[in-house]
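Biologist: I would like to walk through a protein model with you. Can we take it one part at a time?

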Amino acid sequence: MQANPIFYKEIVPLDRNHHARLFLAPRTNYRYACATNSVFLAVAEFSRASHEYPIVFGDDGQTTFPLAILGLRDAENLFVTVEGKWNATYVPAYVRRYPFILSTQPNSDTLTVCIDRAYPNLNSEQEGLALFEEGRESTFLQESVDFLKDFQTQYALTLQFSTRLKDLGILESMQANVQLDTGLKLNMGGFFVVNRQRLINLSAEQIKELACDGTLELIYLHLNSLENFGRLIGFLPTRSTNNLANTPTAGSA
């Protein structure tokens, strides 16, 4: 059985009959995202996200994809405060789309609008915005579905971008090592970054193609974003005076 995507516990297809009286209360916190240290990031988000998050690449053996790094330890999101607030200006789309998701159902390739029925803000007490009104999708739900469709489109474009970088052979494994003043050592690996030298060694024609279609700009947004590992270190309870020397940079392995 395939595991649910992060955050999601009880994914069910939205149904205008079964969920006719379902409401979604306003999002007051992001505690549902506190136990993950990375989320998928679409290329359309690179420009804004690169100011606050390190952007790296993951690989599950079949697909390469960009990730916004949220923490330096497993199951830890440094951007979610104790109060559940998101401590950054930009919240990744993957986080904002929750509790909705487009998902395929058994014996079907068609994408269906689903929701995480376990999300605490869902209720039948008429608190918040209705999902259905008079048997039809509410304006709120229509806007949420439009967001999902756009996310799905960007997801496909992003995978094309990541596959291209992998095929060019410019990605390499990354290791982040941080030592706190307490002596605690944090080691983070399993991710990939663009190797600057491999990028420079591409042919003039390849560089031109990357520049003309906007890929080169995305690459440098990714590379510049790696400086944000220092920001994550600053979010840790105890900051090391020596840790910046251990911050990963493009080309480190």
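What follows is a short exchange on a predicted model.

Biologist: Which helix gives the largest share of the largest nonpolar core?

Modeller: The core holds 77 residues. Trp-86 and Phe-229 touch the most other members. The largest share is 7 residues, and these come from helix α3.

Biologist: How far apart are the end C-alpha atoms of α3, and what span is expected?

Modeller: Helix α3 covers residues 139–168. It has 30 residues, and each step adds 1.5 Å. The expected span counts one less than the number of residues, so α3 should span 44 Å. The end C-alpha atoms agree, as they are 44 Å apart.

Biologist: Which residues of α3 are buried?

Modeller: Buried means under 20% relative accessible area. In a helix, residues three or four places apart point the same way, because there are 3.6 residues a turn. The buried residues of α3 include Leu-141, Ser-144, Val-145, Leu-148 and Phe-151. The others on the list are Gln-154, Thr-158, Leu-159, Phe-161, Ser-162 and Leu-165.

Biologist: Which residue just after α3 takes a positive phi?

Modeller: Look just past the end of α3. The phi there is about 75°. The residue is Gly-169.

Biologist: Which element gives the most to the lining of the second largest pocket?

Modeller: This pocket has about 240 Å³ of space. Two elements, α2 and α3, give two or more residues to its lining. With 4 residues, the top contributor is α3.

Biologist: How many residues of that lining are nonpolar?

Modeller: The lining has 17 residues. Leu-24, Arg-27, Tyr-98, Phe-100 and Phe-140 lie nearest the pocket's centre. In the lining, 3 residues are polar and 3 are charged, and the nonpolar ones number 11.

Biologist: Now the strands. Which residue in β7 is the bridge partner of Val-12?

Modeller: Strands β1 and β7 pair in the antiparallel sense over 3 bridges. β1 covers residues 11–13 and β7 covers residues 111–116. The partner of Val-12 is Ile-115.

Biologist: Which residue takes a positive phi in the hairpin of β6 and β7?

Modeller: β6 and β7 run antiparallel and are joined by 5 bridges. Thr-104 stands opposite Leu-111 in β7. The hairpin has 6 residues between the strands. The positive phi is near 65°, and it belongs to Asn-107.

Biologist: Which are the edge strands of the open sheet of 3 strands?

Modeller: The order is β8-β2-β9, with antiparallel pairing. An edge strand here pairs on one side only. β2 is joined to β8 by 2 bridges, and Phe-23 stands opposite Asn-123 in β8. The edge strands are β8 and β9.

Conventions. Residues are numbered from 1 along each chain as its sequence is written. This is a predicted model: local features need pLDDT of at least 70, side-chain atom pairs count only at pLDDT 80 or more; totals for chains, interfaces and linings use all residues. Side-chain values use heavy atoms; hydrogens and water are left out. A nonpolar core is a set of buried Ala, Val, Leu, Ile, Met, Phe, Trp, Tyr and Cys residues joined through side-chain atoms within 4.5 Å. Buried means under 20% relative accessible area, exposed over 50%, partly exposed in between (1.4 Å probe, protein chains only). On a 1 Å grid over the protein atoms alone, a cavity is a set of points where a 1.4 Å probe fits but cannot get out, and a pocket is an open set with protein on both sides within 12 Å along at least five of seven lines; lining residues have an atom within 4 Å of a point. Grid points are joined across faces, edges and corners, and a volume is the space filled by probe spheres set on the points. Ala, Val, Leu, Ile, Met, Phe, Trp, Tyr, Cys and Pro count as nonpolar, Asp, Glu, Lys and Arg as charged, and the others, Gly among them, as polar. Two strands pair if DSSP finds at least two bridges between them.
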